[in-house]
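Reader: I am new to this structure. Please take me closely through its strand pairing, and then through the side chains that go with it.

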Amino acid sequence: MRHKGIVSLMLLVFLLFSGTIAVFAYRNTSVEVQNHLSIGDVNISLEELTRAGTTYGESERIVLPSETISKIPRITNLAMPCYVRVKVALDQSEITSHSEVECDINTAIWILQGEYYYYRKPLEEGESIDLFREVKIPSDWTETEAEKRFLLNITAEAIQSANFTPDFDSSDPWGSYEPEVCIHKSGESVTINRNYQNLNVELKEDASELVALPEDFFANFGLLMPGDLVSDTVRIQNPSKTETELFFSTKAGENSGDLSQKIQLIIELDGKQVYQGSLRSAELQQEISLGVFEPGCDKSMKFILLVPEDMKNEYAMAQTDEKWIFSARFEELPSKVFGPVTGDGQNVVLWLLTAVGAVFLFAVLGEKGNRKRRK
């Protein structure tokens with residue numbers, strides 16, 4: 001036992017005096033990206049104007065046989081691109097004549113199917129279309145129709161043009177569509193200006209921290225609509241000399257609602273799928289490994305968002321924030337040496353103290369050995 005203790009002590013002293021005792025540790029660094037997602041809206045206005053551009057009054061108007069009235073129902077798109085259709089209901093129940101009021105609807109751009117006139121092209125944001133421009137009273141409405149009323153009711157409806165194609169050859173071009181009440185608020189902005197930006201996550205060359213640009217990885221999408229499928233790619237780089245394992249996780253942002261649970265997310269790394277599920281899920285709140293990134297490694301992370309087709313008007317203009325967290329974990333270089341280092345006064349002092357301690361240990365062990373020999 002005496003010899004083993006001396007050998008162990010000599011090994012310790014050799015390490016202390018000959019160089020270093022290397023101490024390795026794992027280090028973590030992370031970066032958060034605050035992503036903003038918004039759902040668009042379908043919203044139109046219907047107003048009645050005169051040829052002079054003034055608003056048509058709501059009060060009853062006295063008309064005469066054969067008179068042509070300036071009456072312009074104008075539909076304006078206030079939100080996302082959409083198709084429109086209009087129902088024209090004429091109530092002449094008080095009139096005894098079989099002749100009906102005529103509206104000069106342009107059938108070159110409007111097609112009548114069932115109860116509706118369908119506009120053949122989608123209306124872009126801010127674009128307007130007139131259903132007709134004048135109404136003509138029949139010439140055979142005689143004095144027998146005096147002081148009798150007729151009503152012309154116009155109803156306009158819209159449906160998103162994104163992910164939807166009407167069949168104008170069908171008797172029901174919009175299919176089973178059931179109109180919902182628009183919840184768009186007057187004056188509320190419905191557009192997002194977009195300038196495409198490249199998405200990047202990069203470990204600094206000295207492996208000190210992760211950097212992500214831009215601040216929002218959903219910035220290139222703008223407003224999304226039901227049925228949308230959008231995707232983008234994040235370039236992930238490790239220009240450092242340190243082998244690094246990268247992890248991905250998420251958590252709810254500051255403005256967070258249940259919209260994130262409706263949106264589906266797919267993540268692929270270099271073509272291999274690593275996640276599929278809700279944009280917000282318990283699985284994503286735990287770290288998912290994106291693999292080991294060798295020094296100089298450059299990979300692509302593609303993500304896909306899918307908005308359900310059956311998303312109702314209650315989600316129009318809905319917003320949500322999602323934090324994406326990228327974390328890097330790597331083995332640090334050895335810690336500072338125990339031993340003299342030129343120009344480092346603290347290490348010299350530490351070395352001297354270590355040397356004194358070693359001499360003291362030698363003396364104690366030597367004294368114990370002498371006692372055993374005397375016994």
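**Strands and their side chains**

Author: Three strands form an open sheet in the order β2-β4-β9, and their pairing is antiparallel. The edges belong to β2 (44–49) and β9 (128–130), each with a single partner strand, so each has one side without a neighbour in the sheet. From one strand to the next, the twist averages 25 degrees. The model is a predicted one.

Within this sheet, β4 covers residues 72–77 and is joined to β9 by three antiparallel bridges. At one position of this pairing, Arg74 stands opposite Asp130 in β9. As a general point, strands of a sheet pair through backbone hydrogen bonds, in either the parallel or the antiparallel sense.

One residue of another strand touches this region. Ala156 belongs to strand β11, which spans residues 151–160. Apart from its neighbours within four places in sequence, Ala156 is in contact with Ile44, Leu46, Ile75, Arg85 and Val86. Of these, Ile44 and Leu46 fall in the range of β2, and Ile75 falls in that of β4. Ala156 has a relative accessibility of 22%, so it counts as partly exposed. Tyr116 is 40 residues away from Ala156 along the chain, and their C-alpha atoms are 9.2 Å apart. Arg85, one of the contacts of Ala156, also has its charged end over the ring of Tyr116, at 3.9 Å from the ring centre.

Now the other sheet. Six strands make up an open sheet in the order β13-β12-β15-β20-β17-β18, and here the pairing is mixed. Its edge strands are β13 (210–213) and β18, each of which pairs on one side only. The twist in this sheet averages 15 degrees from one strand to the next.

The parallel part of the mixture can be seen where β12 (residues 199–203) meets β15: the two strands run parallel and are joined by four bridges. Val201 stands opposite Ile236 in β15 at this junction.

On its other side, β15 (residues 229–238) pairs with β20 in the antiparallel sense, over 10 bridges. Next in the order, β20 (residues 297–306) also pairs with β17 in the antiparallel sense, over six bridges. Lys302 takes part in both pairings: within β20, it is the bridge partner of Thr233, and it is also the bridge partner of Glu268. Beside it in sequence, Phe303 of β20 is the bridge partner of Ile267.

The order then ends with β17 and β18. β17 (residues 264–269) and β18 (residues 272–278) are antiparallel and share six bridges, and Ile266 stands opposite Gln276 in β18. Two residues lie between the two strands, which form a hairpin; Asp270 in the turn has a positive phi of about 50 degrees.

Phe303 leads from the strands to the aromatic side chains. Together with Phe217, Phe218, Phe221, Phe248, Trp324 and Phe326, Phe303 forms one aromatic cluster. The whole structure holds 14 aromatic pairs. One of them joins Phe218 and Trp324: the ring centres are 5.3 Å apart and the planes meet at 85 degrees, so the pair is edge-to-face. This pair links distant parts of the chain, with Phe218 in the loop between β13 and β14 (223–224), Trp324 in strand β21 (residues 319–331), and the two positions 106 residues apart. Both rings belong to residues that count as buried, because the cut-off is under 20% relative accessible area: Phe218 is at 3%, and Trp324 is at 0%.

A further charge over a ring involves a residue in the range of β20: the charged end of Lys299 sits over the ring of Phe293, 4.7 Å from its centre.

Last, the cysteines. A search of the whole structure finds zero disulfides. Cys82 is buried at a relative accessible area of 0%, whereas Cys103 is partly exposed at 24%.

Notes
Residues are numbered from 1 along each chain as its sequence is written. This is a predicted model: local features need pLDDT of at least 70, side-chain atom pairs count only at pLDDT 80 or more; totals for chains, interfaces and linings use all residues. Side-chain values use heavy atoms; hydrogens and water are left out. Two strands pair if DSSP finds at least two bridges between them. Axes are lines fitted to C-alpha atoms, for helices over the stretch in contact, and angles run from 0 to 180 degrees between N-to-C directions. A disulfide is a pair of cysteine sulfur atoms within 2.5 Å. Buried means under 20% relative accessible area, exposed over 50%, partly exposed in between (1.4 Å probe, protein chains only). Rings of Phe, Tyr and Trp (its six-membered ring) pair if their centres lie within 6.5 Å; planes under 30 degrees apart count as stacked, over 60 as edge-to-face and the rest as tilted. A charge sits over a ring if NZ of Lys or CZ of Arg is within 6 Å of the ring centre and within 35 degrees of the ring normal. Contact means heavy atoms within 4.5 Å.
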